[in-house]
Amino acid sequence: FSAVISVPLGSSVVLPCSFILPTPVNDEHLNITWTLEGLVVASNLHVERGFYLNPLAIVDGSFALTVINATTHQQGVYECSVIGNGTEYSTNISLAVMAPPTLSIPSRTVVLGRESVVECRAKGFSPPWITFSWTRAGKQFESPQVFKANRTEDGLFEAVSRVTLVPEPTDQNNTYSCTVQHEALEKPLVQEFNMTVIILPKVTLSVVPSSSHSSPLTLACDINGFYPSNMSVAWVQHGTTLSEPPQARLNGDGTYTSRHFHTLSMEETDRAGWVQCEAQQPHVSQPAAGSIDLSAASSLEKQKSLTISAIILPPRVVVGQKGRVTICIEGRRADRVETAWFLNDIPIVDTSYTGEKSYGPIYSTDHGHTHRISRASLASEKGPLLLATAPGYYKLCTQQPLHTSGPTKQLLSSVTFVPNLSVHKGAVFKCQISYQGKDNIVMEKISNKFTILAPPEVSEIQLSEPSEESGIVTLTVSASGFHPDVITFRWFCEGGELSPLAAPLALAAPRRDTQGFFSAMSQCRLPKDELERGKTIVWVTVHHMSLKQPVTRKTIGKRTRQCARQRGSFLKKPIISEIRCSSPPSSTLQQPLTLACDIAGFYPPDITVQWLKRGKSEEQEEDVVLGEREVWGPVQTSPRMFQATALIKEVEEAEEILCRVEHCSLLEPIERVWRKIHLVAPSVALSLSVNWRDDGVGVFSLYLSGGVPHPTLLWAAGSTTLSPLLSRETEQAAEERERVLISICAVAVAPETQGAERQPHRSKLLHYSQIPGLENEAVDKTTSERENTWEKKRDEGKVPLSSDIICEERTDSVEEELQPSYINTVIMKKEGRHRERQRLRVAVEITHPALSLPIYRTWTGNKHTNTHSPNMRHHFK
């Protein structure tokens with residue numbers, strides 16, 4: 001007998017061992033032995049500590065061993081041996097002690113852009129087999145791996161899983177997790193954590209100008225763009241540490257900047273050579289360093305003797321409004337200095353220059369010396385600027401003050417520019433100072449990053465149509481074209497501040513457009529009676545850092561309510577059709593698609609349509625915006641209603657294409673999805689079948705087989721013009737799994753009566769010449785709005801009434817196999833000199849995505865169609 005028993009660490013367990021011994025049993029002659037891996041742990045003579053053997057149960061043939069507070073040292077294979085009365089019995093039992101692991105992440109610090117190793121440690125578990133897996137932002141990036149752990153001194157096991165990765169800037173906000181699976185766990189153990197991403201700095205050394213050549217040489221070490229703030233800085237000359245650093249300053253982008261100075265003694269300066277500034281960050285093996293050649297720095301310092309300020313940025317940089325950056329240069333030879341400006345590392349060209357174009361430096365001769373001068377316009381700063389939409393407008397200006405005292409001279413160099421969000425966001429200005437006629441750069445100054453502001457364009461408050469049930473009006477205001485994305489809406493009325501309406505998260509947060517600007521909206525609700533009385537005026541204030549004063553919008557009073565309605569303060573939600581394909585995809589030929597979507601019944605007319613290709617594959621996980629889109633309209637159909645058609649042409653085949661419609665009346669966009677299907681054209685019977693019943697009703701039927709998806713059928717009847725009919729379509733199974741669609745339409749003919757209501761005018765006439773079998777007549781095709789209403793009522797089981805066709809619901813049973821759902825009554829008008837009744841014409845139009853043109857089947861009767869004898873069957877193609 002052999003068995004395996006598992007027990008949690010620290011629990012007691014009974015190891016069974018029983019035999020049927022021949023009677024009588026004399027326990028004095030029994031020899032009982034329990035061994036663990038060959039070592040005796042219990043017998044009827046002695047029991048080791050941590051075990052218990054019940055002597056009273058021996059008479060009953062039970063020799064069970066109790067393991068007290070099981071430890072990992074007590075697990076293994078136990079053997080129970082009983083010898084007595086000349087017979088020997090034995091059994092084996094394996095004991096496994098189960099201990100769940102504990103997880104820890106020893107180090108969560110990595111270096112941006114450098115290969116880093118992250119460890120996940122599991123300790124204190126048993127048995128030794130364990131599985132590790134890693135996820136980042138909820139997605140697995142390291143396949144599960146099974147480890148055989150190492151035994152520790154306490155008899156338990158430990159294992160380490162390591163992953164190597166190159167951190168990206170987004171990893172600062174990503175959540176990582178280490179998951180282990182173990183036999184002692186009821187469910188996987190997960191350890192979530194966030195990385196601390198270290199950003200290495202850029203270290204630049206420069207010489208601090210001094211007032212005297214005999215003054216000690218002072219070096220400046222600029223350390224920029226590092227994270228986190230704790231850092232140790234060491235000055236090293238010939239391997240010797242020189243000084244301690246000051247504290248760091250926080251930048252606008254979340255990194256830190258610190259500047260460190262060190263003044264060299266005359267002896268240290270005379271040593272010449274290179275001086276390094278090393279920035280050592282925690283957990284980074286190699287420090288970032290910058291160096292400078294003392295020989296070149298000393299000679300350059302003696303040559304220039306200039307005091308150069310930092311680049312002065314304007315307190316507010318607003319899109320479309322000109323701003324200026326300036327640098328001030330002082331010294332004895334400041335008049336001999338020239339400056340070169342850069343945006344990041346791109347040279348700035350004066351676009352306001354109106355003279356002859358030049359693509360290189362301009363030179364002039366002064367006292368026999370050739371100097372390089374700035375290509376700047378001499379026009380006044382009050383001169384006309386280029387449009388704000390012109391990317392990269394700049395005007396350079398270099399001037400000296402009107403009055404200077406003493407030998408020290410001063411020069412101001414500035415750049416006037418019109419901020420452009422796509423060009424200047426996150427950018428820095430750089431100014432290089434050099435002497436005229438010299439190629440050496442005396443100093444280079446780099447500005448801090450600046451925030452570009454764009455004030456919001458705030459709409460008027462728009463009021464929705466009041467709810468029929470509650471009479472509540474929704475007030476909406478929208479802001480667009482602002483930057484950055486922090487904006488606040490506050491609603492007020494004469495009684496105090498109102499609470500805004502909680503919008504979905506997708507609309508509550510500002511949305512960014514393709515140019516980098518943001519838009520947002522806010523809503524509030526009030527009863528209609530409060531607004532209509534004219535006593536309650538509601539206003540909203542919009543706060544943004546680009547505004548000196550908040551923008552305020554107010555509702556209107558009772559006297560101007562009608563005028564507001566005409567201007568469109570109310571909202572109407574759009575009705576959006578399904579996407580239709582005018583050039584369907586083929587299963588064998590790859591050809592571009594043309595998709596269209598109808599949008600109707602919305603107000604105001606401003607509407608946004610976006611076409612996207614849905615991404616589901618591994619290569620494309622996100623939706624992709626498609627180009628070459630256009631919108632026909634909007635076209636006004638009533639005083640407060642518009643309609644439009646959105647199209648996209650020459651689209652390559654995709655599994656799913658979305659049409660996303662955004663409108664100020666919608667809390668969230670509406671989407672329609674077009675899915676790729678394999679089209680099969682239907683097979684249509686060559687003629688209509690008609691069966692005239694005893695009551696004069698003609699039951700018309702048409703058989704169609706195959707067709708994926710189902711074709712669309714439109715029945716019409718009349719004389720000189722045809723009007724839509726109601727029909728019923730049923731599907732039946734045929735041989736060889738082929739689907740058969742049966743369309744049934746019942747028609748009853750009635751004479752024209754006096755005072756009958758006339759049919760309203762229709763906008764589209766389809767000539768009979770366009771339908772095979774009918775010529776020189778016209779088929780009345782209603783407008784799209786009327787057709788949509790008719791189809792909607794047909795689906796709802798309602799009956800559309802007109803002067804041409806009356807649809808009556810029939811409740812009596814019909815014995816015919818093809819039983820119609822409705823009877824369409826066609827009023828036949830008398831025309832001509834003798835007022836003769838016209839012949840009845842019935843037609844059906846079959847449309848299908850796989851058909852380039854519709855298919856028509858028609859039937860024409862005589863002047864006495866309604867008097868046909870029963871069961872007379874007519875076929876007409």
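This briefing walks through a few local features of the structure, grouped by topic. The model is predicted, and every value below was computed from it. Among its features are an open sheet of 4 strands, a largest nonpolar core of 28 residues, and 17 aromatic pairs found in a search of the whole structure.

**An open sheet**

- The strands of this open sheet follow the order β22-β21-β25-β26, and their pairing is antiparallel.
- Because β22 (240-241) and β26 (288-293) each have a single partner strand, they stand at the edges, and one side of each is left without a neighbour in the sheet.
- Strands of a sheet pair through backbone hydrogen bonds, and the pairing can be either parallel or antiparallel.
- Strand β21, which covers residues 232-237, pairs with β22 in the antiparallel sense over 2 bridges, and Gln-237 stands opposite Thr-240 in β22.

**Nonpolar cores**

- Within the largest nonpolar core, which holds 28 residues, Trp-341, Ile-348 and Phe-429 are the residues that touch the most other members.
- Several strands give two or more residues to this core, including β27 (306-308), β29 (323-331), β30 (337-343) and β37 (441-446), while the largest share, 4 residues, comes from β36.
- A second core, separate from the one just described, has 26 residues, and among them are Leu-30, Val-67, Ile-93 and Val-97.

**Aromatic rings and charges over them**

- Phe-132 and Phe-147 form an edge-to-face aromatic pair, with 5.1 Å from centre to centre and 85 degrees between the planes.
- Phe-132 lies in strand β12 (residues 129-136) and Phe-147 lies in strand β13 (residues 139-148), so this pair ties together parts that are 15 residues apart in sequence.
- Phe-132 has a relative accessible area of 1% and is therefore buried, since the cut-off for buried is under 20%, whereas Phe-147, with a relative accessible area of 22%, is partly exposed.
- Ring pairs also link Trp-134, Phe-141, Tyr-176 and Phe-193 into a cluster, and the charged end of Arg-136 sits over the ring of Phe-141, at 4.7 Å from its centre.
- In another part of the chain, Lys-554 lies over the face of Trp-539, and the distance to the ring centre is 5.9 Å.

**Ser-546, a residue in a loop**

- Ser-546 belongs to the loop that runs between β46 (539-543) and β47 (551-554), and it counts as buried because its relative accessibility is 5%.
- The side chain of Ser-546 takes part in a polar contact of 2.7 Å with the side chain of His-544, and the side chain of Ser-546 also reaches the backbone oxygen of Ala-454 at 3.4 Å.
- When residues up to four places away in sequence are not counted, Ser-546 touches Arg-316, Leu-453, Ala-454, Pro-455 and Pro-456.

**Pro-407, a residue in another loop**

- Pro-407 is found in the loop between β34 (394-399) and β35 (409-417), and both of these strands are among the elements that give two or more residues to the largest nonpolar core.
- Leaving aside neighbours within four places in sequence, Pro-407 is in contact with Gly-331 and Arg-332.
- Although Pro-407 and Arg-332 are 75 residues apart along the chain, their C-alpha atoms are separated by 5.8 Å.

Terms used. Residues are numbered from 1 along each chain as its sequence is written. This is a predicted model: local features need pLDDT of at least 70, side-chain atom pairs count only at pLDDT 80 or more; totals for chains, interfaces and linings use all residues. Side-chain values use heavy atoms; hydrogens and water are left out. Contact means heavy atoms within 4.5 Å. Two strands pair if DSSP finds at least two bridges between them. Buried means under 20% relative accessible area, exposed over 50%, partly exposed in between (1.4 Å probe, protein chains only). A polar contact is a pair of N or O atoms within 3.5 Å; within protein, one must be able to donate a hydrogen and the other to accept it, and residues adjacent in sequence count only if both atoms are side-chain atoms. A nonpolar core is a set of buried Ala, Val, Leu, Ile, Met, Phe, Trp, Tyr and Cys residues joined through side-chain atoms within 4.5 Å. Rings of Phe, Tyr and Trp (its six-membered ring) pair if their centres lie within 6.5 Å; planes under 30 degrees apart count as stacked, over 60 as edge-to-face and the rest as tilted. A charge sits over a ring if NZ of Lys or CZ of Arg is within 6 Å of the ring centre and within 35 degrees of the ring normal.
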